[in-house]
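Q: Could you take me through one part of this protein slowly? I'd like to look closely at a sheet and the things packed around it.

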Amino acid sequence: MSAPDSTPDTSVGQPAVLVARRVFPEVLARLRQHFDVEANDTDDVWSPEELQRRLQGKRGALTTGSERVGAELLAACPDLRVVANMAVGFNNFDVPACTARGVLATNTPDVLTETTADFGFALLMATARRVTESEHFLRAGLWNRWSVDMFAGAEVHGTTLGILGMGRIGQGVARRGAHGFGMKVIYHNRSRLDAATEAECKATWVSKAELLAQADHLVLVLPYSAQAHHSVGAAELAQMKPSATLINIARGGIVDDAALAQALKARRIAAAGLDVFEGEPRVHPDLLTLPNVVLTPHIASATLGTRMAMANLAADNLIAYLTEGKALTPVNPEVLGA
Ligand code: DGY
């Protein structure tokens with residue numbers, strides 16, 4: 001397979017790029033200063049066939065986590081040179097296939113770290129303190145008296161916060177727990193953080209078994225990969241405290257949602273807060289019926305400022321690569337030197 005060269009585009013006229021989902025008009029306007037832009041102006045996800053058809057002749061694409069960029073698509077789109085994901089996660093990309101084809105892949109790290117960590121903590125609080133469950137009760141007109149243990153939830157301050165996956169967002173969650181809520185922070189990650197970062201996050205590395213057994217609140221922030229599939233399933237849930245809460249702001253597929261629904265139903269763990277789901281936007285039907293789970297539609301990075309920063313960073317990657325052969329946040333930087 002021959003890889004296209006990675007030098008800036010010098011073809012006559014503006015290079016053509018595809019924006020696969022609706023983004024902010026300001027971002028489209030910036031792209032139009034450099035490119036001939038075809039854009040999806042809806043929130044509908046194009047089918048793989050439609051995406052492939054629209055990518056013909058395109059040098060770049062701005063994608064979201066919903067568009068799969070795999071070997072088959074890349075083979076069918078020989079003009080494609082760069083795919084810029086508007087997400088920090090890039091499990092929708094087959095990165096080795098991109099690299100083999102000389103296609104640069106980029107993501108949007110850093111700009112969403114603090115916003116996503118805020119949301120992780122919000123979901124933890126809502127889950128532990130039964131915020132949505134009690135709100136539904138109130139809205140249903142069922143609140144007619146005070147009761148000593150009504151919606152008594154789990155303590156957050158001073159408890160043990162466990163974090164599985166201690167990248168930038170995990171560290172943000174750790175700092176909030178340690179410094180804001182006086183929590184003891186333990187984490188598990190393939191590689192240990194350096195001592196200075198551990199000290200800043202007041203976090204201690206433990207084995208995965210220790211993490212599961214000791215955490216009062218376990219937050220999942222690890223990237224999805226085939227190895228990470230069902231990192232938390234029935235066996236892991238059985239190792240958690242019956243009083244524990246589980247928060248998933250990572251990716252659907254990290255948790256076995258069917259096993260989680262069973263564990264929540266049987267109260268093998270107390271509660272869960274989920275922002276991501278296997279096969280989303282579908283949600284496991286059993287989860288929808290349970291009171292002890294807080295469900296949100298993949299919105300951890302959703303503030304207007306952060307979504308704008310993500311869209312601009314994805315656009316900047318397209319502009320930098322197709323006009324100068326550079327990239328701001330490459331996932332496969334080896335393509336740049338090819
Ligand atoms: C990310 O950036 O990976 C988010 O999950 C998408 O919003």
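Which strands does helix α11 lie across, and at what angle does it run to β11?

A: Let's start with your helix and work outwards. Helix α11, residues 257–265, lies across β10, β11 and β12. Against β11, helix α11 runs at about 145°.

Before going on, keep in mind that this is a predicted model. The mean pLDDT of the protein chain is 96, and 96% of its residues reach 70 or more. The stretch to treat with care is residues 1–11, where the pLDDT is below 50. Even so, that stretch has 27 contacts in the model beyond its near neighbours in sequence.

Now for the sheet under your helix. It is an open sheet of seven strands, and if you walk across it you meet β8-β7-β6-β9-β10-β11-β12, with parallel pairing. What holds such strands side by side? Strands of a sheet pair through backbone hydrogen bonds. At the edges you find β8 (203–205) and β12 (293–295); each has a single partner strand, so one side of each is left without a neighbour in the sheet. The sheet isn't flat like a tabletop, either: neighbouring strands are turned by 20° against each other on average, ignoring direction.

A second helix packs on this sheet too. Helix α5 (residues 113–128) touches β6 (160–164), β9 (217–220), β10 (245–248), β11 (271–274) and β12. Its direction makes about 150° with that of β10.

Next, head over to the β8 edge. Strand β7, residues 184–188, runs parallel to β8 and is joined to it by three bridges. If you want a spot to click on, V185 stands opposite A203 in β8.

One residue is worth zooming in on: T160, which lies in strand β6. Is T160 buried or exposed? Its relative accessibility is 13%, and buried means under 20%, so T160 counts as buried. Leaving out residues up to four places away in sequence, T160 touches K184, I186, Q214, A215, D216 and H217.

For practice with pairing, try some other strands. Strand β3 (residues 60–63) and β4 pair in the parallel sense over four bridges, with A61 standing opposite V83 in β4. To get from β3 to β4, the chain crosses through helix α3 (residues 71–76), and this β-α-β crossover is right-handed. Strand β4 also pairs in the parallel sense with β5 (residues 104–106), over three bridges. There, V83 stands opposite A105 in β5. The chain crosses from β4 to β5 through helix α4 (residues 95–100), in another β-α-β crossover that is right-handed.

Definitions and conventions. Residues numbered from 1 in each chain as written. Predicted model: local features only at pLDDT ≥ 70, side-chain atom pairs only at ≥ 80, totals over all residues. Heavy atoms only, no water. pLDDT = per-residue confidence, 0-100. Contact = heavy atoms within 4.5 Å. Pairing = 2+ DSSP bridges. Helix = DSSP H or I, 4+ residues; strand = E, 2+ residues; numbered from the N terminus. Axes fitted to C-alpha atoms, helices over the stretch in contact; angles between N-to-C directions. Buried < 20%, exposed > 50% of the residue type's maximum accessible area, 1.4 Å probe, protein only. Right-handed = clockwise from strand over helix to strand, strands pointing away.
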